[in-house]
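Colleague: Could you take a close look at the cysteines for me, and then at the chain around them? I'm new to this, so plain words please.

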Amino acid sequence: MAHADRLVLLAGVVAAGLGLSLITTPPLLWLLAGVVIATACVGADQLIHAHWRARRRRRRYDLLLWIFPALVVAGAFLVLRLPFFESGIAVVLGVGVSTALFVAVVMCQLHSLSTDDPRYRLARFVLSLLAYVTAFGMYSAIYAPRLRSAFSATGVTVVTVLICLELFRGQQVDGRRALLYASVLGLAVGEVTWALNYWLIGPLAGGLLLLAALYVGAGIIQSHLSGQLTARALAEFAGVGTAAVALVLGVGLLPS
Amino acid sequence: MSVALSDVGLWVLVGLVVGWLAALTDRASDEGVLADVAIGVIGACLGGLATWLLPVSSRSPLILSIAAAMVGASVLLAVVRAITTARWSR
């Protein structure tokens, strides 16, 4: 089967699963989510292996490549349950955009496997963009129901670690070091969630603040890993983070 | 063209903030907030990418990157608003 056919089939399964999730209730919903996420991971993995076989290159088996497709599908399951998606058009748009995101992630992963690929830089750019957008969507979805810190902060920590592993994959750093940095940043953003739970701000404002924390932390670590961390770069990240926090908190706390 | 990957995060952040503020000032509905935020991110990325076409340096300065992302997001939001308003007023 050709790459395009496999991808269309996989996208169809993901779209159907997301659509079904809207008329399913727990505990069947969790089972459905598990099956669709597993299918997305295995399907993306098979596509990547077929891509490498077609180029007669060494078979690379990288579990890191499962993270982003799984996160996009899991994020879509969560985001589609937000109150924004109550009308028919919003639901159709939500399922369509989520499926398009999943396809974009898989295609970009195919082109980001080797620095020799002519589309490597573009693929890394799109993957980073989608990583930040996915992080924002998941942070907002986790923050929206105002769960206890034990659940929300843990969820944000896990999401941050997984997103950072994808972001740091482009830095050509070894797996253990990447996991260490990702874990430290995940814990830091989890701590921010714990503090945010004491504030009465909306899900978008909460998601923005958590994204600001991720941007500052990931930016500093990426600068360090590429040997470009200077006092000026540190000041720039601190300035952007402070401005984002001041703006969001300032506007978010204004009386409506 | 080589884009610093931390710049991508900055553009997403700026686009989200601009889209969110636009939705707040317009008291948009839930779908409106989502649309404004999405348009803000797309506009900020287009604005940010435009700085890489300028003959400034190998990496554009932070202020220029932020300003371009803000302008891109604001312009795209204004254009989309103008188009949708014109359609509704017909």
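Modeller: Sure, let's start with a term: buried means under 20% relative accessible area, exposed means over 50%, and partly exposed is in between, with a 1.4 Å probe and protein chains only. Keep in mind that this is a predicted model, where local features need pLDDT of at least 70, side-chain atom pairs count only at pLDDT 80 or more, and totals for chains, interfaces and linings use all residues. Residues are numbered from 1 along each chain as its sequence is written, chains are lettered from A and ligands numbered from 1 in the order in which they are written, and side-chain values use heavy atoms, leaving out hydrogens and water.

Now, C41(A) counts as buried because its relative accessibility is 6%. A disulfide is a pair of cysteine sulfur atoms within 2.5 Å, and over all chains the structure holds zero of them. C41(A) is in none either: the nearest cysteine sulfur, in C108(A), sits 17 Å away. C164(A) is buried too, as its relative accessibility is 0%. Its closest cysteine sulfur is the one in C41(A), and at 18 Å that's too far for a bond.

What about the chain around them? Of the 256 residues of chain A, 50% count as buried. Its secondary structure comes to nine helices and zero strands, where helices (H or I, at least four residues) and strands (E, at least two) are DSSP runs numbered from the N terminus. Along the principal axes, the C-alpha atoms of chain A fill a box of roughly 55 × 50 × 30 Å.
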